[in-house]
Amino acid sequence: MNKVEIGREIDGVVRKPKRQLAMVFDLNKCLGCHTCSIACKQQWTREEGQENMWWTVVNTLPGRGTPRDWEDMGGGFDAQGRQLPSLIPTREDFGDDFEFNKEEVFNGGKGVQNYLQPKNSRGEKPSWSPNWDEDQGGGEYPNSHFFYFPRLCNHCTHPACLEACPRNAIYKREEDGVVLVNENHCKGYRFCMEACPYKRIYYNHVRDISQKCIFCLPRIEKGVAPACARQCPGRMRFVGYLDDKDGPIHKLVNEWQVALPLHEEYGTQPNVYYVPPMSPPSIGPDGKVEHSKPRIPLEYLESLFGPRVKEALATIEREKARKRNGEESELMDALIVYKWPDDIFPDFVADPANL
Amino acid sequence: MRVAQLDTAAQAFGDPAADIWSGITANKVSLVPAPVAMQTSRYVMSKWRDGQFGKVSSVGVQVLHNGEELAIRLEWENPQANLQRFENNDFPDGAAILFPLTRHAPLFMGAPGEPVDIWHWRADRPDTAHGNLATGIGTSSMVNEDAAVTRSLYRQGRWAVVYRRALSVQTPAAQTVQFTLGKPVKMAFAVWDGGNAERGGLKAFSPQWLEVTPQS
Ligand code: SF4
Ligand code: SF4
């Protein structure tokens, strides 16, 4: 099997799959509750060797993210389509996994002398975790601000991970564009971890393989939404086919253009899109409200989602105003999700409890 | 290279530090970095285009047999031992011996219809060499967890590894090398320096076959 047979050429020619599954995350609705991350953890990463894996994770932005400072690590493609060098994030960068001295404190009779404290996998006091800087955010009072930011593998149209694997162990499914690691073929070389600019691949040191989000494929194939999306109490994770003209994904991404890819400049054509966060106006030095200046600086949002952020936010504000005035707004209705699950992942409404 | 039969028990040569090896001629086999142009990953080609890998320049090869088992001892310089595979950027040191399974199988990991058998030892699982079949670069796949018994030793900046296996084994001949007395067998070698993040195609390898004939 060579790369041509799996729809990709070694010289980087991109061939799109027949259809592409995608997600839209409405950042205005994320509660930062981590139910998504826990749902994923429960479903997929409870085995030995997966302790530190969070295939989906929710960070606070502005912040350093998971793995720590991943945006400074490189990877992806340049404008000419050449793969850019990067590095493998360490366990510490990802946040590792902790053990607590529960026995000692709860059952060992030492509850008064000692307190619960974590140790990382090297037995040391940790200096980082997947959400070490949770709720810190940026800006100075009274303009301090933050928003929650869920991330997972983007199931890219031009996956840097796939191109980097010398063994063709990573493939992109023709029928839905889901990017998968073939665990029988992977030999744990970790070139994918290096090349992925979003740093969404983990190393399973027990099985000596790379692992990442599988778009809950076994659920998807039975018409059930991915665990993170179905469990999300904020109902902010839309799932569907990009080309489904009646579905919310196509509407938000292509029609209303309010959902934008993260770091498009990385060149992998990610398929997770974000509705950027609105924010209240800033307060000026004189204590006056500065209506033209959103509290989350536009430049910051542009550094994540590119120049179209301004337009997207303007569209949302405009439609919000319509709704407030009692007018109809298809966009607001779509974002609100009146009918769950039909309006949020119309092709994946099956209840897993009934399977 | 002719390999005389020694009248000795297998235990006497399974250990790389065993006395018996000091009496066996070592062939110095030259190694070169695997060509960047042959890497089957654009990422690898671009990141390692300066060829900063595969710096181990030679491996000493000794072979002996006792009529039942054949042993191959490799020794090479590696300034630092890398035994671990726990951190995401830990890569253990490794060594491999490649045998053609057809007459014309190319030394570059075989070709379609021309498989090669690869005995892969790695410092993180030092007691056994995995048996891999390959029919081209990037195609190797493990078919046998115990292709050979291995013992290794790291001393004074050098690795020594002994691979031991019965001359002939039950596995279908198409899947693994068989040694017949009087019949030459070709082999090639590769070494990975884990400390330099070498894995997969990032390695030093011998661009020429070494022909070995176990004699009666
Ligand atoms: S986000 Fe990373 S791991 Fe996922 S498909 Fe894109 S390049 Fe591959
Ligand atoms: S479950 Fe939903 S609301 Fe909660 S953190 Fe995840 S994406 Fe945000």
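**Salt bridges, an interface and a helix in a predicted model**

Let me begin with one pair, in which Asp208(A) and Arg122(B) bring their side chains together in a salt bridge, at 2.9 Å from N to O. This pair crosses between chains, running from Asp208(A), which sits in the loop between β8 (202-204) and β9 (209-211) of chain A, to Arg122(B) in strand β7 (residues 116-122) of chain B. I should say at once that this is a predicted model. As for accessibility, Asp208(A) is buried, its relative accessible area being 12%, and Arg122(B) also counts as buried, at 14% relative accessibility. Asp208(A) has a further partner across the boundary, since Arg85(B) forms a salt bridge with Asp208(A) in which the closest N and O atoms are 3.6 Å apart.

That brings me to the interface as a whole. Between chain A and chain B the count is five salt bridges, and on the level of residues 37 from chain A are in contact with 25 from chain B. The size of an interface is often given as the accessible area lost when the parts come together. For chain A and chain B the buried area is about 2,500 Å², and carbon and sulfur atoms give 47% of that area.

Over all chains, a search of the whole structure finds 32 salt bridges, and a few of those within a single chain are worth going through. In helix α10 of chain A, Arg322(A) and Glu319(A) lie three residues apart, about one turn of the helix, and their side chains meet in a salt bridge at 3.7 Å, N to O. Here Glu319(A) is buried, with a relative accessible area of 4%, whereas Arg322(A) is partly exposed, with a value of 33%.

In chain B, the side chains of Glu77(B) and Arg158(B) form a salt bridge, again with N to O given as 3.7 Å. Glu77(B) belongs to strand β5 (residues 69-77) and Arg158(B) to strand β10 (residues 158-166) of chain B, so the pair ties together parts that are 81 residues apart in sequence. Glu77(B) is exposed, at 53% relative accessible area, while Arg158(B) counts as partly exposed, at 31%. Back in chain A, a network of salt bridges links Arg173(A), Glu175(A), Asp176(A) and Glu221(A).

Now to helix α9. Which residues of helix α9 (residues 298-305) in chain A are buried? They are Leu298(A), Leu301(A), Leu304(A) and Phe305(A). These residues cover an arc of only 120° around the axis, which puts them on the same side of α9(A). Among the elements that cover the buried residues of α9(A) are β2 (57-61), β5 (147-151), β11 (260-261), β12 (272-275) and α10 (309-324), each of chain A. Just after α9(A) comes Gly306(A), which takes a positive phi of about 85°.

Another glycine, Gly139(A), has its place in the loop between β4 (118-119) and β5 of chain A. Its C-alpha atom and that of Pro297(A) are separated by 9.1 Å, although the two residues are 158 residues apart along the chain. Leaving aside residues up to four places away in sequence, Gly139(A) touches Ser144(A) and His145(A).

Finally, the surroundings of ligand 2. There are 14 residues around ligand 2, and those that come nearest are Cys30(A), Cys33(A), His34(A), Cys36(A) and Cys232(A). By class, the residues of this shell around ligand 2 divide into nine nonpolar, four polar and one charged.

Terms used:
Residues numbered from 1 in each chain as written. Chains lettered and ligands numbered in written order. Predicted model: local features only at pLDDT ≥ 70, side-chain atom pairs only at ≥ 80, totals over all residues. Heavy atoms only, no water. Near = heavy atom within 4 Å. Nonpolar A, V, L, I, M, F, W, Y, C, P; charged D, E, K, R; others polar. Buried < 20%, exposed > 50% of the residue type's maximum accessible area, 1.4 Å probe, protein only. Helix = DSSP H or I, 4+ residues; strand = E, 2+ residues; numbered from the N terminus. Arc of directions from axis to C-beta. Contact = heavy atoms within 4.5 Å. Buried area = accessible area lost by both parts, 1.4 Å probe. Salt bridge = Lys/Arg side-chain N within 4 Å of Asp/Glu carboxyl O.
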